[in-house]
Amino acid sequence: MKISKGTDGQQQASRNIQQKHLQKNPFQWLDRWPVTPVVTGAFAFFVSLIIILGVFERGPLLLEYPATLFLFWSLFTAAVFALLLWGVEKMPWLHRPFVFPVLVTGLAAAPRFVWMRLVETTPLWDFARYLNYARSIVGGDPGAIAQIRGVFPHLTGYPLILSWVMQLFGTETAVARWFNFFCGLVTVLLLYELGKRAFSPRVGRGAALLFALWPGQIYYGNVLGGEHLFTMLLVGVLLLFVMATHLESGAGIFPKAWGLALAAGALLSLAHVVRPVASLLFPAFLLYLGLKPFDGELQGRSIRGIHHLEKGRPDTAESHTASDDVQEAAAVKKPVTSKRKPLQVWQQILLGRGIVLALVVAGFLLTLTTLNAIYEPQVLVPLGKTGAGFNLYVGTNQASRGMWSADDWAIIEEYDYDFDRIHEEAWRRGMERIREDYRDFWLLVERKFAIQWAVSDYGFYWGMLELDRVTAVSLWAEEYRQELQVLSQVHYLNLMWLTLAGLWLTRQRRMASFNAFIAILFFGFIAMHVLIEVQSRYHHSLVPLFMLSAAYGGGLLLDHLSSQLKGKAVGKQVANE
C-alpha cells in the first residue's frame, strides 16, 4: 500500500510529536520523585554562591574593585552575550557547514597568537619541571627526576606527551607554547561539536564563542601546565561519550556506539595520565546514564537492537522493513511459548548503556596498561598512579587555607621520598587535623570553596609572574593589570549568571539534560576539594563545561523573553480587535 508522505513541515511536526512522546525517563520513579529538579537546584545553589563570593566578597577583596561595578559589568556582559547569540542565530549563512567553525577558530586564534608571541611567560616551579623533564626524555634520559616523580607519578604524564611533540619540532620553550596554542584551538572545535550534540547547534555556537573570547585562557596560554592538554582531552572524551550514548540503536555485531565508547576510554586514559582527577568521570558517567531520558526515535531502534541481539542476529535501521513491522505486529497476537521472560524497555535501555560504560572502562584500562608496558621501564614510575595522602595533608592545613605550604612539603624529605610512607603518614596527619576541631575544619572548607571557585584571575597572575623579555604588549598588560584581571573575572561571572538563568527556567523539568551531567561532575570536584589542596587554577578545566551551561541558559533566556513579547503582542492585538 502506498502511503502519502505529506509535506516536509508535516513530516517534521510528526517527528517532533513522536520524539516528545518517546522521551521517557529510564525509571518511573524519576517521574514521581523530583530527582532532576533537586540536581538542578543544587547546581543553582553553588552557582549562586560563586556569584555572591565573586561579586561581593573575594572578587572585590583580591582585585580591589567595587562590588557594585562587578555586579553591573557582569550582568551587562551577560546581556551582551545573549544579544550576540541572538544575532548569530539570525544570520543563516553562519550556520552553513564549516563557516562558523572556521570563523570562531580565527576569532580564538588572533588574540592568543598575539599574546603567545609578545608575552613570553618564563616557566617556574612545576611548570619549569615539566619543561625540563620533557627535554630530558627527548635527550635520552627518561629516568630524570625520578625521586620526586616517585612521590607524585602524575608529574610524568604531561611532560611525556609534550616530549612526543618536541621530538618532532625541537625542545625550545616556544614549541611548548605552540602546543598550548594548538590545544586551545582544537578545544574550541571540540566544544562546538560537543554543544551541538549534547544540547543543540545554538548551544555549540554559543559555547565556542564564549571560549574564543575567554580572557583567562588567553592570559594562561603561555603557562606550560598540563591544563591546556587536559582540557582538550576532557572535552574530547565527553564528545565521544555523548556520541556513543546517542547511538543507542547499534548495528551489527560491533555497533558504532561501542567503538566510540572504546575510543572514549582510550582518550580518558591519556587525560588520567596528565591529571588523575579525570577518573571522576567514571562515577559521573554512571549517574548520568541512570538519569538520561530515552532519545526519541532512537529508543525504538535500541529496543529492536537488544531484542534481536538476544535472538542471535543483528539488526539495523535499514534492514527493519515494513514487512518486519507486520510480522512483529502479528507476533503480538500469538501466544508466547518461550519460557524466557523478555526484558522490559528500561532493562533493555540500561543494558545497552551498561555495555557502553563497560567498554569505556575497558578502553581506559587497555590503553593505560599498554602505556605502562611501554613507558614504565623507561620513566621508572607507573603512569596514572596517584596518592591522596599528601593532598589531604595540604588541604587540611588551616594556616595555609588548604593551599601549598613549605611546612607540609617538609614531610617529603622527612620520609626520604618514599611513596607509601609519605602518603600514609600524610593521610594520618591530615585526618588528625580534621578530628582536632570539626568546626574549624568546616570553616576551612568554606574558605577553600571561595579560593577554588569564586575568582578567576589565575591566568593573568601566572601568565605575567615572570617574563623572558619585555615587549610593548607586556608593558601595556602590566600597566592595565587591574583592568585585565577584572575583565577575566567579569567574563567568569557572566558564565555564572547565564547558567543560573538556565537553571531557573528548567527548575521544574524532570527530564535530565546534559546539564545534569555537568552538575554531577561539578559536585564531584567540590566534594573532592573539601579534603584536598585547592588553587584557583584548579577550576580551569571545568570552565568550558560552564560555557556549555551558560550558552544553554542564554538560549533558554532568549526563548523565554521571545515568548513573553509574543504573548504581549497577541494580547494587544486581541484587545484592539
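What follows is a chat between a biologist and a modeller about the salt bridges, helices and surface patches of this structure.

Biologist: Before we start, what sort of model is this, and what gets counted?

Modeller: This is a predicted model, where local features need pLDDT of at least 70 and side-chain atom pairs count only at pLDDT 80 or more, while totals for chains, interfaces and linings use all residues. Residues are numbered from 1 along each chain as its sequence is written, and side-chain values use heavy atoms, leaving out hydrogens and water.

Biologist: What makes Arg-469 and Glu-120 a salt bridge?

Modeller: The rule asks for a side-chain nitrogen of Lys or Arg within 4 Å of a carboxyl oxygen of Asp or Glu. Arg-469 and Glu-120 meet at 3.0 Å, N to O, so the pair passes. By this rule the count comes to 15 salt bridges.

Biologist: Which parts does the Arg-469 and Glu-120 pair tie together?

Modeller: Arg-469 sits in the loop between α22 (458-463) and α23 (472-479), and Glu-120 in the loop between α5 (99-118) and α6 (125-138), so the bridge joins parts that are 349 residues apart in sequence. Helices here are DSSP runs of H or I with at least four residues, numbered from the N terminus. Thr-122 is also in the loop between α5 and α6; Thr-122 and Arg-469 are 347 residues apart in sequence and 8.9 Å apart in space, C-alpha to C-alpha.

Biologist: Why is Glu-120 called buried, and Arg-469 partly exposed?

Modeller: Buried means under 20% relative accessible area, exposed means over 50%, and partly exposed is in between (1.4 Å probe, protein chains only). Glu-120 has 15%, so Glu-120 is buried. Arg-469 has 40%, so Arg-469 is partly exposed. Thr-122, at 16%, counts as buried too.

Biologist: How do you know that Arg-202 and Asp-559 form a salt bridge?

Modeller: Their side chains meet at 2.8 Å, N to O, so they satisfy the salt-bridge rule. The pair links distant parts of the chain: Arg-202 is in helix α10 (residues 201-212) and Asp-559 in helix α26 (residues 543-576), 357 residues apart. Asp-559 is partly exposed, at 37%.

Biologist: How far apart in sequence are Arg-428 and Glu-425?

Modeller: Both lie in helix α20, three residues apart, about one turn of the helix. Their closest N and O atoms are 2.4 Å apart, so this is a salt bridge. Glu-425 is buried at 13%, whereas Arg-428 is partly exposed at 37%. Both belong to a network of salt bridges with Glu-414, Arg-429 and Glu-432.

Biologist: What makes Asp-416 part of a negative patch?

Modeller: Asp and Glu count as negative. A patch takes residues with over 30% relative accessible area and no salt bridge, joining like charges within 9 Å and nonpolar side chains (Val, Leu, Ile, Met, Phe, Trp, Tyr) within 5 Å. Asp-416 has 56% relative accessibility and counts as exposed, so it clears the area cut-off. Asp-416 gathers with Asp-418, Asp-420 and Glu-424, and lies in the loop between α19 (406-414) and α20 (419-436).

Biologist: Which residues make the nonpolar patch?

Modeller: Leu-69, Phe-72, Trp-73, Phe-76 and Val-80 make it, covering about 450 Å². Phe-76, in helix α4 (residues 67-89), is partly exposed at 42%, so Phe-76 is over the 30% needed.

Biologist: How do you know that helix α13 spans about what is expected?

Modeller: The expected span is 1.5 Å times one less than the number of residues. Helix α13 (residues 256-274) has 19 residues and reaches 28 Å from its first C-alpha to its last, close to the 27 Å expected.

Notes. Accessible areas come from the Shrake-Rupley method with a 1.4 Å probe; for residues, only the protein chains shown count as cover. The place of a charge is taken as NZ of Lys, CZ of Arg, CG of Asp or CD of Glu. Helices (H or I, at least four residues) and strands (E, at least two) are DSSP runs, numbered from the N terminus.
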